[in-house]
Amino acid sequence: MCPIREGHRSVPCCPVRWLPALIILGVLVWSYHVFVYQICIKKVSDYLTIGLLLFFYHLLLFMFLWTWFRCIFVAPVRIPDQWKISPEDVDRLKRNDGVEGAARVLSYAARNLPVATCTIDGLVRYCRTCWIIKPDRAHHCRSCHMCVLKMDHHCPWIVNCVHFHNFKYFILFLFYAEVYCFYLFCVMIYDLYLICGFEVTALKNQHSWNVLQYVSAYATYFLVGGKNKNGFNLGCFDNFRDLYGDKWYLWPFPIFSSRGDGLLFPLAHDRLKEVRTGNQRKDNEPTRAQMYKGNFNRILGIHQPPFNEE
């Protein structure tokens, strides 16, 4: 759950931010009334059927609520202090000495940090609000007022960011939400059978359940390899293990089991070496990141071999 920061103190989220979560809660209360009272108690006469329906319903409801609450209440972890930019370097960056000046300051500030990504200009990524070097896949969230590790997006339905420490819970939340809806749909079909025995010739309108998921993606720039949207794509199996971890018995539950610490991520080195075609550079030409890297090395007095020899 993301707090709102005013100056140096944190205050609770604005009540308006909780409106989407309250909508979900209201739908759950309504569906619980319809399922338990209107269908199971009033229409189903067999006690064994009632018991089975209620058992699986409450199991799915419990898993849905568990994963949802974990998404809400697992707050983003603050990035360690060693990623902060020193006050002297902050002043140098604020002076705006141009790209070369910023490159010199940022290269020195990130000299001991495990960063593989960069901006479109080949600069080390940093936050002008938090004044830190951004770890790979970290972004600044304007709703949370902080830089968030492996930030995907800020989701109003969980009043929180989808980030490294609750990413698994969010995927499980979507999964159990869809299973919960599908289970209700199946029971509604059964309820229709109880009402009219599938004599539905008089029904002209049919309703279907649909879950829409919006995903926005953009390519990442790497210090080695340039622009590549698959630099962190390890393949379906390894991506799954990276998110859910190696303990298979924890996969269905919202218990943290992901690999890593959110600061350093494995790279798909083979994908970073793929030759880009079309309107992009020729094979024997340096990437934008390579040109800036060469400029930085010359500024720092470091010998760098020609681009065609790398």
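Here are some short exercises on this predicted model, each with a worked solution.

**Exercise 1. Get your bearings: how many helices and strands does the protein have?**

Start with the elements: there are 8 helices and 9 strands. Next, look at burial: of the 310 residues in the protein, 37% are buried. Last, take the contacts with a separation of 6 or more: 61% of these join residues 24 or more positions apart.

**Exercise 2. Work out how helix 1 and helix 2 are oriented to each other, and which residues meet.**

Step one is the geometry. Helix 1 covers residues 19-41 and helix 2 covers residues 47-73; they pack at about 175 degrees, and their axes are 11 Å apart. Step two is the label: angles over 145 degrees count as roughly antiparallel, so helix 1 is roughly antiparallel to helix 2.

Step three is the contact itself. From helix 1, the residues include A21, I24, L25, L28 and F35, and across from them in helix 2 are residues including I50, L53, L54, Y57 and W68. Sorted by class, the residues of this contact come out as 16 nonpolar, 2 polar and no charged.

**Exercise 3. Do the job again for helix 3 and helix 4: what is their angle, and is the crossing left-handed or right-handed?**

Begin with the numbers: helix 3 (residues 87-94) and helix 4 (residues 98-109) pack at about 160 degrees, and 9 Å separates their axes. That angle is over the 145 cut-off, so helix 3 and helix 4 are roughly antiparallel. As for handedness, helix 3 and helix 4 make a left-handed crossing.

Now find the residues. Helix 3 brings D89, R92 and L93, which meet A102, V105, L106, Y108 and A109 of helix 4. By class, that contact has 6 nonpolar residues, 2 charged ones and no polar ones.

**Exercise 4. Find the residues other than glycine with a positive phi, and say where they sit.**

One of them is H145, with phi near 60 degrees. H145 is in the loop between strand 4 (139-141) and strand 5 (146-148). Its relative accessible area is 30%, so H145 is partly exposed.

Another is V159, with phi near 50 degrees. This one sits in the loop between strand 6 (153-155) and strand 7 (160-162). Buried means under 20%, so V159, at 3%, counts as buried.

**Exercise 5. Look at helix 6: which of its residues are buried, and what comes just after it?**

Helix 6 spans residues 236-244, and its buried residues are R241, D242, L243 and Y244. Step just past helix 6 and you reach G245, which has a positive phi of about 90 degrees. At the other end of the burial scale is C236: exposed means over 50%, so C236 counts as exposed at 71%.

**Exercise 6. Take two loop residues and see which distant parts of the chain they approach in space.**

First up is W18, in the loop between strand 2 (9-11) and helix 1. W18 is partly exposed at 25% relative accessibility. Along the chain, W18 and W157 are 139 residues apart, yet their C-alpha atoms are separated by 8.1 Å.

Then there's L223, in the loop between strand 8 (220-222) and strand 9 (226-228). L223 has a relative accessible area of 26%, which makes it partly exposed. Its partner for this exercise is I120: the two are 103 residues apart in sequence and 9.8 Å apart in space, C-alpha to C-alpha.

Notes:
Residues numbered from 1 in each chain as written. Predicted model: local features only at pLDDT ≥ 70, side-chain atom pairs only at ≥ 80, totals over all residues. Heavy atoms only, no water. Helix = DSSP H or I, 4+ residues; strand = E, 2+ residues; numbered from the N terminus. Buried < 20%, exposed > 50% of the residue type's maximum accessible area, 1.4 Å probe, protein only. Axes fitted to C-alpha atoms, helices over the stretch in contact; angles between N-to-C directions. Parallel < 35°, antiparallel > 145°, perpendicular 65-115°, else oblique. Left-handed = near helix turned anticlockwise from the far one by under 90°. Contact = heavy atoms within 4.5 Å. Nonpolar A, V, L, I, M, F, W, Y, C, P; charged D, E, K, R; others polar.
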